[in-house]
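Please open the structure in your viewer and keep the selection panel at hand, since this tour moves from one selection to the next.

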Amino acid sequence: MNHEDVKVAFYLKRNESDSAGRCPVMGRLTVGRSECVFSAKMLAPRSLWVSGRAKGKSAEAIEINRRLDELRASALAIYREQSAVRERVTAEEVKCLLLGMAYGQETLLDYFRTYIKHFEQRVGVNRTIKSARTYRCACEHVERFLSERLRLSDIPFSALDRSFIGKFDLYLHTERRLAPNTVVLYMSRLHTVINKAIAAGIITADPFAGYEPPRPERKRRYLTGEELQRLMTTPLPSSRLYLVRDLFLFSCYTGISYGDMCRLTAANLETAEDETTWIKATREKTNVEFEIPLLDLPLHIIDKYRDTTSDGKLLPMYGNSELNKGLKHLAATCGIDRKLTFHMARHTYATEITLSHGVPMETVSRMLGHSRVDTTQIYAQVTDNKIDIDTQSLDERIAECFTIAI
């Protein structure tokens with residue numbers, strides 16, 4: 001193949017013009033039968049653009065054409081160098097070298113896919129299929145972003161910077177129209193992968209430095225004592241809804257997640273020397289052990305459904321979608337004017353059942369199966385009631401000290 005088989009043509013992305021009428025300049029590189037596109041990393045006015053170049057003799061037109069000629073000459077030079085030592089050179093290889101991506105250099109998508117592959121090998125050991133799915137989704141969005149916005153099939157770690165992170169965040173919000181919490185999740189997954197690359201010495205600077213995702217204001221996601229009382233005392237129209245309520249209340253008074261409740265069997269119950277019944281198990285999500293002393297209500301629910309399952313499970317669990325439908329009906333029946341989700345029960349246990357009644361954060365963390373106390377703080381919100389109790393207790397201690405001092 002000779003240099004006549006290598007072609008570099010330039011065009012404008014006219015659908016992405018800025019307020020001044022300037023558009024990104026793209027290059028189309030053809031080497032033999034292989035072809036790829038790349039960003040020339042420059043803008044050109046639509047009014048000056050004719051047949052792949054800027055027309056006229058203005059300073060702007062001259063500068064644009066100079067840079068285009070440099071790119072074309074560099075592509076041809078790279079091809080000549082590579083073809084002198086290799087039998088077959090592709091357009092993708094020339095593009096990688098042209099954009100400063102040494103061929104064979106570690107790239108983001110390749111590394112991301114390898115990370116996911118290793119992650120999936122640990123599913124069922126200390127990782128969950130749900131977490132693996134979020135990494136795959138994040139990777140797919142990065143791939144779409146590179147293709148649709150940058151016209152790249154991949155990008156080297158050395159090309160990642162704070163601007164790339166900001167543009168990807170904006171893309172997820174505006175182009176993909178993802179919910180704010182979903183954007184935070186996918187950006188977090190990307191950051192995890194990049195941190196692994198930093199730890200491996202592939203990249204030295206963190207492109208996320210200075211990035212702070214806009215987090216939506218958290219709504220109250222736990223039930224108050226009054227709402228719990230309403231759930232327990234409101235007559236319900238069907239046995240199906242009573243079961244939905246009992247499963248939800250069991251989680252409210254134990255903090256056990258839906259997935260972990262589905263796995264409970266009688267083997268997870270242990271009776272201590274003081275006759276207290278405990279649930280001892282391991283979290284499916286993190287493989288961290290948790291131990292929970294059972295209050296009267298969850299004990300009553302276990303007794304109520306004892307020996308009613310055919311698979312040996314502790315409770316007759318509904319499927320997730322059916323349970324969520326039931327929770328919607330339950331909220332309406334009990335006059336709770338907001339959406340109920342099963343995970344709210346875990347928040348309720350941390351906030352209303354334990355912390356609000358003086359249980360230490362470290363103890364709650366252990367019962368929830370968290371490996372770090374700061375994770376517990378996400379669930380455990382301080383309620384107005386807890387503030388009142390603490391303030392009253394402080395008043396009593398101050399009054400006592402004052403009396404003694406007198």
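The model is a predicted one, and the tour begins with strand S6, residues 269-271, which is joined to S7 by three bridges, the two strands running antiparallel. Select Glu270 and look across to S7, where its bridge partner is Trp278. Then follow the chain through the hairpin that S6 and S7 form, with five residues between them, and stop in the turn at Glu275, whose phi is positive at about 75°.

Next, select S7 itself, residues 277-282, and show its side chains, which alternate along the strand: Thr277, Ile279 and Ala281 point to one face and are buried, whereas Trp278, Lys280 and Thr282 point to the other and are not buried.

From there, add strand S8, residues 289-293, which runs antiparallel to S7 and is joined to that strand by five bridges. Returning to Trp278, you will find Pro293 of S8 standing opposite. The hairpin of S7 and S8 has six residues between the strands, and within this hairpin Asn287 is the residue to select for a positive phi, near 65°.

Finally, move to helix H12, residues 343-354, and compare its length with expectation: at 1.5 Å a residue its 12 residues should span 16 Å, and because the C-alpha atoms at its ends are 16 Å apart, the two values agree. How many of the 12 residues of H12 are buried? The helix is mostly covered, with 11 of them buried, and colouring by accessibility should pick out, among the buried residues, Arg346, His347, Tyr349 and Glu352.

Methods
Residues numbered from 1 in each chain as written. Predicted model: local features only at pLDDT ≥ 70, side-chain atom pairs only at ≥ 80, totals over all residues. Heavy atoms only, no water. Helix = DSSP H or I, 4+ residues; strand = E, 2+ residues; numbered from the N terminus. Expected span 1.5 Å × (residues − 1). Buried < 20%, exposed > 50% of the residue type's maximum accessible area, 1.4 Å probe, protein only. Pairing = 2+ DSSP bridges.
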